[in-house]
Amino acid sequence: MNRLPVTIVSGYLGAGKTTLINSLLAEEHGLKLAVIVNDFGAVNIDDALIRDTDGGKIALTNGCVCCTMGDDLSLALREILDRANRPDHLLIEASGISDPVAIANSVLNEPGLSYGGIVSLVDAENAETLLNDPLVAPQAEQQIRAADLVIATKCNAISEPFAALLNKADARTPTVLNGTPVAELLFDVVPLPKGRAVAVHPAYTTWQHRSSAVLDRRALGDKLAERPAGLYRMKGFVLTSGGAYELHVVGRHVEAKRCEAEETVLVGLGPADRISREEIEAWWTA
């Protein structure tokens with residue numbers, strides 16, 4: 001059975017998690033999504049998307065479903081995995097004051113799930129006040145530091161003072177979406193599941209590589225450790241002197257496992273304002 005990919009959406013109170021989730025649910029990405037949230041009062045799913053509600057579940061018109069997390073995340077995850085009609089991707093909306101790393105650890109400890117990354121939203125209008133408040137700054141900085149991808153909200157560009165704040169909090173790959181499709185960045189490198197070819201939006205850089213060359217296994221580890229920060233996602237197969245490996249990279253997270261493959265085939269993706277195809281190619285072929 002294929003593992004269910006999980007993306008964790010984090011961010012301090014008022015960062016825009018509700019807006020992001022509603023955008024994802026409304027986009028034409030062809031995926032059946034499930035969303036686990038803390039409570040529906042905080043999420044406010046668009047009325048236009050709701051088909052019906054039943055206790056702790058909301059069924060949406062596009063086949064997606066939302067449900068409450070309750071007190072036990074592990075039980076909620078297993079309930080999703082046990083469904084006969086499983087989703088293509090699972091989103092977990094972390095509360096504004098929660099630790100996304102704890103949620104990520106629950107995902108990594110469940111063999112039926114695969115890690116799809118922590119995405120943390122940062123409110124540009126209030127970031128300076130928030131990150132200079134000794135009471136709440138440690139929580140907000142922890143959410144930023146844990147993220148594989150940081151999305152700046154309530155701004156059209158990342159100003160130099162804002163960039164300095166994010167850099168101080170060790171933000172990885174901060175970017176601004178400006179209304180561009182979110183699913184293509186968060187859920188998978190193209191093509192998406194179900195064989196649906198999605199046109200690549202210019203806000204994202206995509207890269208593909210195919211080769212029969214064999215890479216030294218130790219060199220592969222060194223190369224991955226030195227990958228460019230803007231390369232948010234990469235997956236595929238790599239031929240090495242120690243055999244073939246299936247590779248799965250999401251932000252800070254790298255997973256490599258033995259597999260059968262006859263050639264190296266890789267695809268990668270990152271925000272276009274953070275990385276170019278030439279930079280990815282230069283890194284991989286160096």
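Accessible areas here come from the Shrake-Rupley method with a 1.4 Å probe.

**Figure 1. The whole chain, as a predicted model.** With that probe, the accessible surface of the chain adds up to about 13400 Å². Carbon and sulfur atoms own 50% of that surface. Count the secondary structure and you get 10 helices plus 14 strands. Of the 286 residues in the chain, 51% are buried. As for who touches whom, take the contacts with a separation of 6 or more: 71% of them link residues 24 or more positions apart.

**Figure 2. A look into the second largest pocket, with a volume of about 310 Å³.** The lining is made up of 18 residues, and the ones closest to the pocket centre are Thr19, Leu20, Thr153, Leu177 and Gly179. Two elements worth picking out are α1 (17–26) and β8 (149–153), each of which supplies at least two lining residues. Sorted by class, the lining of this pocket comes out as nine nonpolar, seven polar and two charged residues.

**Figure 3. The largest cavity, holding about 50 Å³ of space.** Searching the whole structure turns up two cavities of 30 Å³ or more, and this close-up is about the largest cavity. Its lining consists of Leu131, Asn132, Glu141, Leu165 and Lys168. By class, that gives two nonpolar residues, one polar and two charged. The charged pair is Glu141 and Lys168, the nonpolar pair is Leu131 and Leu165, and Asn132 is the polar residue.

Note on methods: Residues are numbered from 1 along each chain as its sequence is written. This is a predicted model: local features need pLDDT of at least 70, side-chain atom pairs count only at pLDDT 80 or more; totals for chains, interfaces and linings use all residues. Side-chain values use heavy atoms; hydrogens and water are left out. Helices (H or I, at least four residues) and strands (E, at least two) are DSSP runs, numbered from the N terminus. Buried means under 20% relative accessible area, exposed over 50%, partly exposed in between (1.4 Å probe, protein chains only). Contact means heavy atoms within 4.5 Å. On a 1 Å grid over the protein atoms alone, a cavity is a set of points where a 1.4 Å probe fits but cannot get out, and a pocket is an open set with protein on both sides within 12 Å along at least five of seven lines; lining residues have an atom within 4 Å of a point. Grid points are joined across faces, edges and corners, and a volume is the space filled by probe spheres set on the points.
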